[in-house]
Amino acid sequence: MMEQYHALKREAGECLLFYRMGDFFELFFDDAKIAAGVLDIALTSRGESGGEAVPMCGVPVHSADGYLARLIRAGHRVAIAEQVETPDEARARAKAEGKPSSKVLVARKIIRFVTAGTLTEDTLLEPRRANRLAALCELRGRVGLAACDISTGRMELEECEADGVAAALSRLGAREIVAPEDWPDAPYEAIARPPGDFASERGRKRLEELHGVATLDAFGTFSRAMLAAAGGLLAYLDHAGRGSMPFLLPPTVNETGTVMAIDEASRTSLEITATQNGERAGSLLGTVDRCVTSAGARLLAEDLSAPLARRAAIEARLALVRLFHEDPILRGDTREALRAIPDIARALARLVADRGSPRDLGQVRDGLAQARRLNDALTRLRDRPPLLDELLPQLTGHGALVDELSRALVPSPPTERGSGGYIAAGYDAALDALRETSGNARRAIAAMEARYRSETGISALKIKHNGVLGYFIEVPARHGDALMGPDSGFTHRQTMANAVRFNSVHLHEEASRIAEAGGHALAAEEAHFEALVETVVTARERIAQTADALARIDVAAGLAERAAEGDWCAPQIDDAPCLEIVAGRHPVVEAALARAGERFVPNDCGLAETDRLWLIGGPNMGGKSTFLRANALIVLLAQAGSYVPATSARIGLVDRLFSRVGASDNLARGRSTFMVEMVETAAILARASERSFVILDEIGRGTSTYDGLALAWAVAEAIHENNRCRCLFATHYHELARLAESCDALSLHHVRAREWQGDLVLLHEVAEGPADRSYGLAVAKLAGVPPEVVDRASAVLAKLEKGREETGGLAAGLGDLPLFSAAVQAEQQECDSLRDTLSALDVDALSPREALDMLYQLKREAGES
């Protein structure tokens with residue numbers, strides 16, 4: 001057995017091996033130690049291997065899904081080794097091979113690899129979260145990315161620059177990543193796969209074979225890098241499924257420029273789909289989500305992760321939300337209808353992957369039937385928005401399939417098909433006859449029990465059934481002797497402590513009839529199940545379209561519900577680079593304050609081409625960071641097609657959203673807080689365009705005061721002069737206010753605060769003009785810093801302020817500096833003069849004395865003398 005185990009373990013590689021032994025999956029050696037620690041189950045040992053006991057542990061087969069889920073969440077992958085023949089088949093095989101049948105081992109094979117990105121079972125998936133697998137491949141300087149969610153069949157292909165991979169993966173939220181093993185720049189968490197899997201031609205052929213087409217032209221235009229990544233993805237799915245491919249829809253292309261670009265750091269900072277602790281609750285998604293279906297919640301997460309960057313598409317979504325927002329009765333009826341719709345997409349995926357159950361067929365039936373009823377209700381509406389007109393035809397066209405499934409299945413089909421009972425009466429006359437035969441035999445056994453009691457005079461006689469003996473007659477031990485006689489008509493089978501068991505000719509005949517009829521009935525139901533699954537699989541793409549349409553309607557109705565709850569407004573989308581928000585609020589903070597019975601203080605924001613950079617000062621805890629994030633989230637919500645938490649909003653299209661608010665050490669990459677801040681700032685300065693929106697908070701705070709001020713000054717100038725994007729820049733450096741004198745599109749603002757009777761009162765209001773002071777000591781007092789420390793700080797502050805007055809302040813002389821672009825140009829011109837002098841120099845003609853004089857001259861020109 002261990003020889004067989006080791007062979008399978010070599011095939012499993014780094015995966016934990018679930019080795020089937022009877023009713024348990026067993027794990028051995030290091031796999032057992034790992035699993036026992038993660039699952040908190042007993043670690044035992046058995047036998048000897050090389051003189052040492054073999055560590056082992058096991059989990060029951062019937063409850064394996066729960067253990068698998070815990071292992072997957074802990075970052076492990078699992079190979080499932082099942083018995084692929086019965087003991088009888090194993091003995092017959094041994095006999096044919098001329099081997100002793102008593103020592104034959106049942107054959108086992110790895111039938112599937114269970115990994116984070118290849119899950120389809122409800123028990124292993126999060127209902128309201130997509131479960132994506134991604135593959136990456138670099139080809140000629142471009143990186144191809146292929147992603148799929150096999151629980152719904154959706155597949156996406158895209159291409160990006162090498163420095164855009166992290167942002168793309170963050171947007172997709174991939175649970176598992178595969179990449180070529182010879183790619184040095186692969187993400188550190190990626191699973192290494194053979195480079196040959198990532199060949200573009202192989203990827204093309206795999207896609208053509210998968211979808212039964214001669215060319216991919218009908219699906220879109222795919223680059224070689226995309227096809228190479230697709231090849232790696234499909235090869236991994238084939239490996240994980242041991243040759244059985246999951247359900248995949250034709251691939252779609254994510255084109256550059258169709259969605260707002262948001263890098264990984266900004267997503268983390270804004271907590272779009274998860275908080276920085278990884279929780280859904282407390283994120284923007286958790287606050288906004290009012291979807292009543294799991295599919296709708298997954299689609300909403302995708303919308304928020306990839307806001308649109310094209311005005312027409314945004315306005316189409318907003319029009320659909322407006323329909324439900326303006327008609328509360330329609331919204332309520334639609335949401336009630338959607339609430340009754342099961343997760344069609346995931347049920348369909350399990351059926352296509354041959355992991356489905358009768359309940360999955362029932363979910364497809366019920367979902368499609370409800371979709372047809374919803375279509376009938378929405379079709380009656382007048383003045384429908386264009387997007388709804390596109391969606392409605394996708395809700396119908398399944399009449400014949402729904403009727404077939406309704407006739408074939410019982411109202412509530414079971415999750416297991418091994419025991420039968422899911423094909424409805426009247427669907428198959430032959431099956432009904434088999435069931436009647438089985439039922440008559442059971443009634444005959446009940447009558448036989450009554451007759452035997454009367455004939456023997458033993459009132460405690462019972463006819464029972466178990467999996468070992470089948471049907472048998474049982475009497476108390478004290479009556480056993482009465483039935484032992486050769487002419488009693490009973491045959492002794494088993495003696496128990498308190499009972500004796502018998503058989504009879506008539507009971508054997510009836511039991512045979514039941515077993516035969518029951519076996520035929522199960523076989524008939526299994527045949528019907530397979531035929532129904534085939535019918536569903538044939539219509540899989542059309543059913544998937546219906547599931548997508550229902551999810552889109554759910555998202556729109558849910559966003560309308562959220563807007564009605566929070567008194568949100570419909571944003572106006574504009575092509576001009578503006579941001580005009582009246583009484584904007586942070587949706588997550590507002591919801592948290594509402595739960596505490598407190599009110600959120602709204603604020604206005606007005607950015608335009610002539611006033612595109614706001615410099616915001618004020619005390620800590622005053623609301624600067626909240627104001628910055630609130631405006632970023634309003635932009636994000638608007639371009640995702642949602643109403644926004646404001647009285648009114650006019651949003652100029654944003655191509656990229658950057659958030660440099662808060663940072664922490666990245667110890668895994670050896671980066672300090674300040675280093676992380678500088679890396680993120682560098683990315684903003686390199687990528688932000690005139691159509692971007694940037695929020696910056698406390699640039700330069702992680703180093704010395706002079707260094708920090710210098711960096712903050714230079715970054716503000718660079719954004720104003722070079723990037724020319726809309727930007728909210730919060731800072732504690734009051735000296736930056738002098739930038740307003742030289743930067744015409746920069747304006748000064750502050751969050752208001754007042755001291756009242758020695759206490760700091762934070763007003764959380766944004767007002768025009770520079771901050772008068774930072775109130776740092778008042779905040780320290782508010783935080784509970786001991787009074788003697790605050791008093792000492794006050795004395796030190798007075799001394800520092802006196803010195804600042806005498807020297808002209810920390811920023812003395814900064815006003816005389818040329819602007820960013822002028823300074824860079826002057827530096828370049830100075831370098832050019834040195835280059836010109838050197839270029840004109842004939843080194844070979846110089847005497848030693850002339851060469852020395854020339855060095856002194858060059859040093860003076862460089863300003864080093």
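Helix axes here are lines fitted to C-alpha atoms over the stretch in contact, and angles run from 0 to 180 degrees between N-to-C directions. The model is predicted. Two packed helices are described by the angle between their axes and the distance between the axes.

In this model, helix α10 (residues 294-305) packs against helix α19 (residues 540-566) at an angle of about 75°, and the two axes are 8 Å apart. Because angles of 65 to 115 degrees count as roughly perpendicular, α10 is roughly perpendicular to α19. On the α10 side, the contact is made by Ala295, Gly296, Leu299, Leu300 and Asp303. On the α19 side, Ala551, Arg552, Asp554, Val555 and Leu559 take part. Sorted by type, the residues of this contact are six nonpolar, one polar and three charged.

A second helix pair is formed by α2 (residues 29-39) and α3 (residues 64-73), with an angle of about 95° and axes 10 Å apart. These two helices are therefore also roughly perpendicular to each other. Here Ala35, Val38 and Leu39 of α2 meet Tyr67, Arg70 and Leu71 of α3. The residues of the contact of α2 with α3 comprise five nonpolar, no polar and one charged.

The next element is a sheet. Strands of a sheet pair through backbone hydrogen bonds, either parallel or antiparallel. In this open sheet, four strands follow the order β14-β15-β17-β16, and the pairing is antiparallel. The edge strands, each paired on one side only, are β14 (462-466) and β16 (491-495). From one strand to the next, the twist averages 40°. Between β14 and β15 (residues 470-476) there are five bridges; in β15, Tyr471 is the bridge partner of His465. Helix α17 (residues 429-456) packs on the sheet, where it touches β14 and β15, and its direction makes about 140° with that of β14. Helix α18 (residues 505-538) lies across β14, β15 and β17 (499-503), and runs at about 140° to β15.

The nonpolar cores come last. The largest one has 109 residues, and those with the most contacts inside it are Leu304, Leu361, Val536, Ile651, Phe693 and Leu728. Helix α19, already met as the partner of α10, supplies the largest share of this core, 13 residues. Leaving aside neighbours within four places in sequence, Phe693 is in contact with residues including Leu579, Leu607, Val635, Val654, Leu657, Phe658 and Leu728. Its contacts also include Asn631, Arg656 and Arg726. Apart from the largest core lies another, of 24 residues, among them Leu133, Ile150, Leu157 and Ile191.

Methods:
Residues numbered from 1 in each chain as written. Predicted model: local features only at pLDDT ≥ 70, side-chain atom pairs only at ≥ 80, totals over all residues. Heavy atoms only, no water. Parallel < 35°, antiparallel > 145°, perpendicular 65-115°, else oblique. Contact = heavy atoms within 4.5 Å. Nonpolar A, V, L, I, M, F, W, Y, C, P; charged D, E, K, R; others polar. Pairing = 2+ DSSP bridges. Core = buried A, V, L, I, M, F, W, Y, C linked by side-chain atoms within 4.5 Å. Buried < 20%, exposed > 50% of the residue type's maximum accessible area, 1.4 Å probe, protein only.
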